[in-house]
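Trainee: Could you show me how to read cysteines, buried residues and annotated sites in a model?
Mentor: Gladly; let us open one and go feature by feature.

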2 protein chains.
Amino acid sequence: MFAVTILGNNSALPTLDRHPTAQVITCNDQLMLVDCGEGTQLQMAKYRVRRSRIQRVFISHLHGDHYFGLIGFINTISLLGRTEPLHVYGPPELLPILQLQLDVAGTVLNFDMHFTPLTPEGCGLLFREKDLEVSYFPTDHRIPCYGFRFELVKRKRRIVPEQARQYEIPSAFYSKLGEGADYIRKDGTVVKNDWVTLPPPKGKSYVYCADTRYNEALLLPHVNGADLVYHETTYLQDQEARAWDRYHSTSVQAATLAAKGNVKQLLIGHFSSKYQEVEGFLDECKPLFAPTDIAREGVTYLV
Amino acid sequence: MFAVTILGNNSALPTLDRHPTAQVITCNDQLMLVDCGEGTQLQMAKYRVRRSRIQRVFISHLHGDHYFGLIGFINTISLLGRTEPLHVYGPPELLPILQLQLDVAGTVLNFDMHFTPLTPEGCGLLFREKDLEVSYFPTDHRIPCYGFRFELVKRKRRIVPEQARQYEIPSAFYSKLGEGADYIRKDGTVVKNDWVTLPPPKGKSYVYCADTRYNEALLLPHVNGADLVYHETTYLQDQEARAWDRYHSTSVQAATLAAKGNVKQLLIGHFSSKYQEVEGFLDECKPLFAPTDIAREGVTYLV
């Protein structure tokens, strides 16, 4: 299973029925949290996300609607007796903010918190674990802000059975073929791996573009070909100038990026509190990019 | 109007239907916030507390369930364009925590934030404005923690009309009498103020005891004679040892303090998340102190 569950889809000013940004990514047996606005731990309870299973937290930037809920989440899982380590990725200043709040309360966490600072120079691969690769990239925002690309990579080359049989490769060797090994016959001659296999199939990818202005140069290379992309749409298109001023994007801009990036599916969110209804965002996106969905709170989207 | 509205009545681990500590005090035309756990601004929206009217915030101590919602509240009222100053009272370390979070976001508040540090040495009167006097006192908790006493003081002495007439004081002078002035007759003789007036009537007082162990020496002098006292009851009486270990109180302890303090009414809260129902707290308090109420979220209690 590779899926995204939306816990919050609103921008900075919270409303009663829309919460600040937070998403949970389920990747096989691992849960990861992307951004953590105020009240995220309550949203987790509401939508039955098992807090204890979250192993990694990614914070895109230090505007409050993306991280004010993190210290409460950390506090709670510690009170609940967690012992497994928690990995936190975010701008460098996040660590002293968390540390200061733990210190003044005399809190000693029950678990190890591993913090990895995100920096403009460090962009690229963040970590690789089993089939999962996570990388990060800068977005175009008022303060340093990063998007994340989650990729479920297929590593096994695809065996072409007719070819493998023709070269008389025993089936016991097929798993080595999948790993890319050549086959050496008893007579010493070599069957090159790529004579009998094809490259691994394309993996699945989810790209979270965080808060950003419309910026093809920065974002297109990262969303390109992705199965699912989340792109903010703080405003409808008639507010394009305001979006630019405030380092945000519009409906039409998100749909344009998705279309140019040959994306399979687009999720939109981070709606300004001035919109009581958000269906208008779909109306503006779909003509440009039909497979657009609103990131609805409590809903899980398969990648 | 002098009243307390409960926004949260739970202890550190939030549950779906009980929120961390926060109370709004309405004192004539002024709103004041006492403690501000995560999600307090959403509770304000839910219960229609007008955020913009809050002029003062009191933070008892720096355990997260009492202040993690403050930075979000401050952020929101600034985004909403507030220009009136906000007074914040709390332990000294609160200021750098707030400042750091504003700094990393590049946030410049639209309003002046006046911060007053609470210290063991500074306990006593915090401020006096019109008829309102607020003082603070230490409680018995794991980290420095303060309770607050809000007192609506009556300053006007009560005129005894028969006496005033007997001394032939003109009614135009009555308001000066209320302020304590003596009356000087045309012949130069003096009518002492206390010949014709009585002391001002007793004011109304609300005492918030924050988080604390049962501690008569520290608390009795401050709750004494109060009209309404909030005292935490994290645990039922069978958990007295655990309450002591964790610097908290039980139902029976809160009721005992209220009875010994000649309090008019007791509010209890800060319930441990382990209790799904909280009616049992009333059952344990009422035999010792009948006028006990559960601090129910969304309910306003008159002082």
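Mentor: We will go through cysteines, then a buried threonine, then the annotated sites. Please keep in mind that this is a predicted model.

Trainee: How many disulfides does the structure hold over all chains?

Mentor: The general idea is to look at sulfur pairs: a disulfide needs two cysteine sulfur atoms within 2.5 Å. Over all chains here, the count is zero. Take Cys27(A): its nearest cysteine sulfur belongs to Cys209(A), 18 Å away, and Cys27(A) is in no disulfide.

Trainee: Why does Cys27(B) not bond to the closest cysteine sulfur?

Mentor: Because that sulfur, in Cys209(B), is 18 Å from the one in Cys27(B), which is too far for a bond.

Trainee: Is Cys27(A) buried or exposed?

Mentor: For this we use relative accessible area, where buried means under 20%. Cys27(A) has 4%, so this cysteine is buried. Cys27(B) is buried too, with a relative accessible area of 4%.

Trainee: Where is Thr21(B) found, and what does Thr21(B) touch?

Mentor: A good habit is to place a residue among the strands and helices before listing its contacts. Thr21(B) lies in the loop between β1 (2-8) and β2 (22-27) of chain B. Its relative accessible area is 1%, so Thr21(B) counts as buried. Setting aside residues up to four places away in sequence, Thr21(B) touches a set of residues including Asp35(B), Asp65(B), His66(B), Tyr208(B) and His270(B).

Trainee: Now the annotations. Which residues of chain A does UniProt list for "binding site" together with Asp65(A)?

Mentor: With annotations, check the record first and then the geometry. The unreviewed UniProt entry lists His66(A), Asp211(A) and His270(A) along with Asp65(A). These residues span 206 residues in sequence, yet no two of their C-alpha atoms are more than 10.7 Å apart, so they gather at one spot.

Trainee: And which residues are listed with His61(A)?

Mentor: In the unreviewed UniProt entry, His63(A), His141(A) and Asp211(A) appear with His61(A) under "binding site". That set spans 151 residues in sequence, but no pair of its C-alpha atoms is more than 10.4 Å apart, so these residues also gather at one spot. Notice that Asp211(A) is named in both lists.

Trainee: Then where is Asp211(A) found, and is Asp211(A) buried or exposed?

Mentor: Asp211(A) sits in the loop between β14 (204-208) and α7 (216-223) of chain A. At 2% relative accessibility, Asp211(A) is buried. Among the residues Asp211(A) touches are His61(A), His66(A), His141(A), Glu232(A) and His270(A), leaving out residues up to four places away in sequence.

Trainee: Which side chain makes a polar contact of 3.4 Å with that of Asp211(A)?

Mentor: The side chain of His61(A) does. His61(A) also makes a side-chain polar contact with His63(A), again given as 3.4 Å. His61(A) is placed in the loop between β4 and α2 of chain A and is buried, with a relative accessible area of 0%.

Trainee: What about the place of His66(A)?

Mentor: His66(A) is in the loop between β4 (54-58) and α2 (70-79) of chain A. With a relative accessible area of 0%, His66(A) is buried. Its contacts, beyond residues up to four places away in sequence, include Thr21(A), His61(A), Asp211(A) and His270(A).

Note on methods: Residues numbered from 1 in each chain as written. Chains lettered and ligands numbered in written order. Predicted model: local features only at pLDDT ≥ 70, side-chain atom pairs only at ≥ 80, totals over all residues. Heavy atoms only, no water. Buried < 20%, exposed > 50% of the residue type's maximum accessible area, 1.4 Å probe, protein only. Helix = DSSP H or I, 4+ residues; strand = E, 2+ residues; numbered from the N terminus. Contact = heavy atoms within 4.5 Å. UniProt positions renumbered as here; feature names shortened; annotations may be inferred. Polar contact = N/O pair within 3.5 Å; in protein donor to acceptor, adjacent residues only side chain to side chain.
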